[in-house]
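User: I would like a close look at one part of this model. Please pick out a helix, its partner and the rings beside it, and take me through them step by step.

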Amino acid sequence: MKPLNEVKLTFLSRSANEGFARTAAACFAAQLDPTLEEVNDVKTAVSEAVTNAIVHAYPDVLGTITMRLRILEGRTLEVVVKDTGLGIPDVFRARQPLFTTGGEDRSGMGFTIMESFMDSLKVRSTPGKGTTVTLRRRFSPRLGA
């Protein structure tokens with residue numbers, strides 16, 4: 001599907017950049033005239049995807065995260081969050097609620113939260129090479145628009 005608009009951002013896996021990523025996604029999505037609820041849903045899902053990359057892909061080192069945002073036909077936002085970190089040995093297991101490799105301070109709900117706020121979630125991962133999370137959300141047409 002050909003994008004109508006897109007942007008690509010690369011940033012370090014510092015926790016401070018999670019807020020940057022969620023704000024950037026919200027600003028990019030603004031061109032679709034979303035509701036406040038739609039914006040908050042996107043921000044939450046992006047926050048989870050980026051936090052997963054920071055915490056799990058690069059637990060002991062600083063790495064890079066790439067986020068690609070695209071506007072697709074049909075008022076659809078696509079967000080791709082990619083890292084080149086540790087990767088996920090068992091994606092099916094990692095997507096189960098409450099599963100975590102991040103210690104007892106992690107909830108294990110990241111993928112579940114992403115899935116609940118977006119229309120689709122795809123996770124591709126290769127151990128030792130990294131993970132790519134693709135999120136899509138179709139925005140409702142605004143009345144009178």
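Analyst: What follows is a walk around helix α1, with a short stop at a strand afterwards. Keep in mind that this is a predicted model.

Start with the helix itself. Helix α1 covers residues 16-29. Its packing partner is helix α2, residues 36-57. The two axes lie 8 Å apart. The angle between them is about 145°. The crossing of α1 and α2 is right-handed.

Which residues of α1 and α2 meet? From α1 come Glu18, Ala21, Arg22, Ala25 and Ala26. From α2 come Val39, Val42, Lys43, Val46, Ser47, Val50, Thr51 and Ile54. Sort this contact by class and you get eight nonpolar, two polar and three charged residues.

Now take another residue of helix α1: phenylalanine 20. Is phenylalanine 20 buried, exposed or partly exposed? Its relative accessible area is 43%, so it counts as partly exposed. Buried would need a value under 20%, and exposed one over 50%. The C-alpha atom of phenylalanine 20 is 9.4 Å from that of serine 47. Along the chain, these two residues are 27 residues apart. Serine 47 belongs to the α2 side of the helix contact.

What does phenylalanine 20 touch? Leave out residues up to four places away in sequence, and the answer is Leu9 and Phe11. Phe11 deserves a second look. Phenylalanine 11 has 6% relative accessibility, so it is buried. Its ring partner, phenylalanine 20, is partly exposed.

The structure holds one aromatic pair. The rings of phenylalanine 11 and phenylalanine 20 form it, with centres 6.0 Å apart. Their planes stand at 80°, so the pair is edge-to-face. The cut-off for that label is an angle over 60 degrees. Two values are quoted here because a pair of aromatic rings is described by the distance of the centres and the angle of the planes.

One more stop: arginine 70. This residue sits in strand β2, residues 64-72. Arginine 70 has 13% relative accessibility, so it counts as buried. Its side chain makes a polar contact with the side chain of glutamate 78, at 2.8 Å. Set aside neighbours within four places in sequence, and arginine 70 still contacts several residues, including Met1, Pro3, Phe28, Glu78 and Arg136. Phe28 brings us back to the start, for residues 16-29 make up helix α1.

How values were computed: Residues are numbered from 1 along each chain as its sequence is written. This is a predicted model: local features need pLDDT of at least 70, side-chain atom pairs count only at pLDDT 80 or more; totals for chains, interfaces and linings use all residues. Side-chain values use heavy atoms; hydrogens and water are left out. Axes are lines fitted to C-alpha atoms, for helices over the stretch in contact, and angles run from 0 to 180 degrees between N-to-C directions. Helices (H or I, at least four residues) and strands (E, at least two) are DSSP runs, numbered from the N terminus. A crossing is left-handed if the near helix is turned anticlockwise from the far one by less than a right angle, and right-handed if clockwise. Contact means heavy atoms within 4.5 Å. Ala, Val, Leu, Ile, Met, Phe, Trp, Tyr, Cys and Pro count as nonpolar, Asp, Glu, Lys and Arg as charged, and the others, Gly among them, as polar. Buried means under 20% relative accessible area, exposed over 50%, partly exposed in between (1.4 Å probe, protein chains only). A polar contact is a pair of N or O atoms within 3.5 Å; within protein, one must be able to donate a hydrogen and the other to accept it, and residues adjacent in sequence count only if both atoms are side-chain atoms. Rings of Phe, Tyr and Trp (its six-membered ring) pair if their centres lie within 6.5 Å; planes under 30 degrees apart count as stacked, over 60 as edge-to-face and the rest as tilted.
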